Amino acid sequence: MKKILAISEPKTFYHGTASVFIEALLQEIKITGVQNLGFRSQGPGFYTTVQLKAAEHFAFVTAENHSGKPVYCIVEVQNFAQMTGYNRIDHTLVTPEGIIKCSSSVKPSIYVKKVAKEVDYIRAKIPGLEKWEEVVFMERALKNLKITKIVDIPDKL
């Protein structure tokens, strides 16, 4: 089967945050606490995006709600093509073997809770910011993530 996801092969993933969280993030990538900002639409996970502008946006939001300066991290994902993911955009399960169409009749929140235990990541549109997508890595995939670079964001973009 041909993979249909735009991110089916490893690419650059970004994580927007505030500088006060960098030291802890470099020690260990953990489930992020974005629920404090009213986000976390896919449940517990480490939130990334493939769109730099989205990471910059969340870096500013995080810095505004906490102390520190806005920064984004470049996140390397090892063995991404070997991971299993759920794509909420087109209701597909992405496996190393191919794509499986899932039922879209199941209530999304129930589906996410069910599949989150069985997948390495969930890909979805960011609620309220639908021009951007999030790729949320579940706890079982965190060992495959590595911060490779931290970038300070200028005050004005």
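1. Confidence varies along this predicted model. By pLDDT (the predictor's confidence in each residue, from 0 to 100), helix H3 (residues 108–116) is lowest, with a mean of 58. Strand E3 is highest, at 96. Helices (H or I, at least four residues) and strands (E, at least two) are DSSP runs, numbered from the N terminus. The mean pLDDT of the protein is 81, and 77% of its residues reach 70 or more.

2. The start of the chain needs care. Residues 1–7 stay under 50 in pLDDT. The model still has 23 contacts beyond four places in sequence for this stretch, a contact being heavy atoms within 4.5 Å. Where pLDDT is low, the predicted coordinates should not be read in detail.

3. Conventions. Residues are numbered from 1 along each chain as its sequence is written, and side-chain values use heavy atoms, with hydrogens and water left out. Local features need pLDDT of at least 70 and side-chain atom pairs count only at pLDDT 80 or more, while totals for chains, interfaces and linings use all residues.

4. One open sheet has three strands in the order E1-E3-E9, with antiparallel pairing. Strands pair if DSSP finds at least two bridges between them. Strands E1 (13–18) and E9 (145–152) are the edges, each pairing on one side only. Neighbouring strands are turned by 30 degrees against each other on average, direction ignored. Axes are lines fitted to C-alpha atoms, for helices over the stretch in contact, and angles run from 0 to 180 degrees between N-to-C directions.

5. Within that sheet, E1 pairs with E3 (residues 70–77) over six antiparallel bridges. Gly16 stands opposite Tyr72 in E3. Helix H2 (residues 52–65) lies across E1 and E3, and runs at about 15 degrees to E1.

6. The other open sheet to check has six strands, ordered E2-E8-E7-E4-E5-E6, and its pairing is mixed. E2 and strand E6 (98–101) stand at the edges with a single partner strand each, so one side of each is left without a neighbour in the sheet. Neighbouring strands here are turned by 25 degrees against each other on average, direction ignored.

7. Now the pairings in this six-stranded sheet. Strand E2 (residues 46–48) and E8 run antiparallel, joined by three bridges. Tyr47 has Val136 of E8 as its bridge partner. Strand E7 (residues 121–126) and E8 are also antiparallel, with six bridges. Strand E4 (residues 85–87) pairs with E7 in the parallel sense over three bridges. There, Tyr86 is matched with Ile122 of E7. H2 packs on the sheet too, touching E7 and E8, and its direction makes about 85 degrees with that of E8.

8. The E7–E8 hairpin has two residues between the strands. Gly128 takes a positive phi near 85 degrees there. Ile126 has Leu129 of E8 as its bridge partner.

9. Which residues touch the most other members of the largest nonpolar core? They are Val75, Val77, Phe137 and Leu145, in a core of 20 residues. A nonpolar core is a set of buried Ala, Val, Leu, Ile, Met, Phe, Trp, Tyr and Cys residues joined through side-chain atoms within 4.5 Å; buried means under 20% relative accessible area with a 1.4 Å probe, protein chains only. Helix H1 (22–27), E3, strand E8 (129–137) and E9 each give two or more residues to this core. E3 gives the largest share, four residues.

10. A second, separate core has seven residues, including Tyr47, Ile122, Val136 and Met138.

Notes:
Buried means under 20% relative accessible area, exposed over 50%, partly exposed in between (1.4 Å probe, protein chains only).
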